[in-house]
Structure formats: structure tokens, C-alpha cells
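Got your viewer open? Here is a short walk through the model, one selection at a time.

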Amino acid sequence: MHPGTPSMASHVLYDRRPSMQQRHTWQSSISSANESAQPYIGMDPHGRRAPALHMHPLFASTRLHSAPINYDVTYAPSPRTVLDRTTHSPVDAHTLSQPATDPPTPASSRILLRSDKFPWPVVVGACRNGRSPDITNLDLLHSLHETLLTRVTPQEWEALGNGSRAQRKVTQAYEQRCGMLGGWEGGVRRVDWLHGKTRLIGIEVEKHGPGAGSGKLVFGKA
């Protein structure tokens with residue numbers, strides 16, 4: 001860790017292994033997002049691109065429109081953490097159980113999401129004990145949370161550059177997170193690459209470049 005950060009030297013640990021209800025209040029927010037639902041690319045288990053899909057309105061966003069969800073990825077998805085951005089009421093279980101895409105992505109497939117804030121893809125699959133035949137909104141949130149709460153490896157930390165500005169910003173995010181929530185012994189996590197901007201704003205669709213048609217996760221200040 002950065003030598004000028006004593007608290008990091010004493011607390012940071014690394015994972016040495018490679019990481020791999022009230023419905024009517026929600027309906028108004030969903031209807032406002034319906035027109036902004038965007039196509040994106042899913043991935044099947046063999047890495048082949050699936051046909052273009054549409055995001056569920058819970059996640060659909062553009063540069064000019066944020067999705068109606070209010071969720072801080074630091075916390076596991078629950079009725080207390082997955083909220084309507086406008087009303088601040090919990091997103092109902094029915095909405096969370098709906099397919100994350102249209103047409104639905106089968107539970108045997110995967111959805112691949114990326115962000116320009118961190119280098120890891122978010123591979124969304126169905127929960128092991130899930131009963132839905134398709135990947136649901138709740139599946140997507142759990143995959144995102146679990147991906148970002150993964151401990152970084154020494155190689156991933158060093159890739160930022162020893163003593164670099166990037167390392168200092170991640171260090172600051174780590175210290176702020178642990179200062180509020182504890183968990184110093186857990187070490188730096190992937191979520192610290194967000195520099196405190198841990199609120200999921202939505203999922204945009206890349207329209208140009210090599211990632212055209214794929215889902216891009218967008219985050220803001222929590």
C-alpha cells in the first residue's frame with residue numbers, strides 16, 4: 001500500500017486467490033422510464049453474443065435520464081436498500097422478481113455489464129436458489145454487489161501504480177468506507193474504485209465503439 005498512508009499499512013489485506021412494498025408507488029416511476037428502455041448485449045455461457053435486448057425500466061437510463069432505482073452498491077440488496085429514487089419507498093418484491101431484460105434472459109445464460117470506473121466485468125447470472133427460469137432484477141443487483149465487494153489482489157492494487165494518484169484515491173475511499181461501516185480487516189475492495197460514488201444511477205447502452213450495444217453501469221454520489 002502507499003507508504004504515506006499508515007492506516008493502510010496496518011489494515012489492508014489482500015485476497016491471494018484470483019477473484020472471479022407498495023406497488024402503486026413504484027408504478028409511477030416505472031412508467032416514466034418505459035420510453036428510455038435500451039437494448040444491450042447479453043452473453044451466453046460460451047461467450048457468444050446474444051441478440052439485442054431491452055433493460056427492465058428499473059435500470060434503463062440514458063445520458064439525460066436516470067433510472068428510477070436508488071441503490072447503494074455497498075450494501076446487499078434488501079427492502080431497506082433498494083428504493084424508488086423519487087418516493088424513497090422500497091421497490092416491491094414483484095418488481096424485483098421480474099426478468100431483468102426483455103425478452104427475458106434464461107437462467108442458463110449470463111448478462112455481461114461493464115463500467116469505466118473499474119476494470120472488472122460484472123457477470124450476471126441467476127441466484128443458485130432462485131426459482132425463476134430467467135435472470136431477474138434481484139439477480140442483477142446481487143451479482144453487482146458481490147462483484148464489487150470482492151477483495152482486490154496485490155496484482156490489481158499494484159496495477160494502479162505504486163504511490164500514484166489512483167492509489168491515493170482508492171485508499172481514501174477505503175478509509176472512508178471502513179470509517180463508516182468498519183471492516184478494516186477486510187482490506188481494499190473493488191467498490192473502492194468508485195471513490196465513494198456508489199449509488200447505481202442506471203445502465204446505459206454503448207452506442208459507439210467496440211462495446212456498442214453492451215450495458216454500461218453508471219454510478220453517482222451516494
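Which residues form a nonpolar patch on the surface? Select Tyr75, Met180 and Leu181: together they have about 340 Å² of accessible area (Shrake-Rupley, 1.4 Å probe, only the protein chains shown counting as cover). Patch members have over 30% relative accessible area and no salt bridge (Lys or Arg side-chain nitrogen within 4 Å of an Asp or Glu carboxyl oxygen), with nonpolar side chains joined within 5 Å and like charges within 9 Å.

This is a predicted model, so local features need pLDDT of at least 70 and side-chain atom pairs pLDDT 80 or more, while totals for chains, interfaces and linings use all residues. Numbering runs from 1 along each chain as its sequence is written, and side-chain values use heavy atoms, leaving out hydrogens and water.

Stay on Tyr75, in the loop between strands S4 (69-72) and S5 (82-84) (DSSP runs of E, at least two residues; helices are H or I, at least four). Tyr75 is partly exposed at 37% relative accessible area (buried is under 20%, exposed over 50%, partly exposed in between; 1.4 Å probe, protein chains only).

Next, pick helix H4, residues 137-148. Nine of its 12 residues are buried, among them Leu140, Leu141 and Leu144.

Now go to the largest nonpolar core, with 36 residues (buried Ala, Val, Leu, Ile, Met, Phe, Trp, Tyr and Cys joined through side-chain atoms within 4.5 Å). Phe59, Val73, Phe118, Leu217 and Phe219 have the most contacts inside it. H4 gives the largest share of this core, four residues.

Last stop: Cys178 is buried at 2%, whereas Cys127 is partly exposed at 26%.

Terms used:
The expected span of a helix is 1.5 Å times one less than its number of residues.
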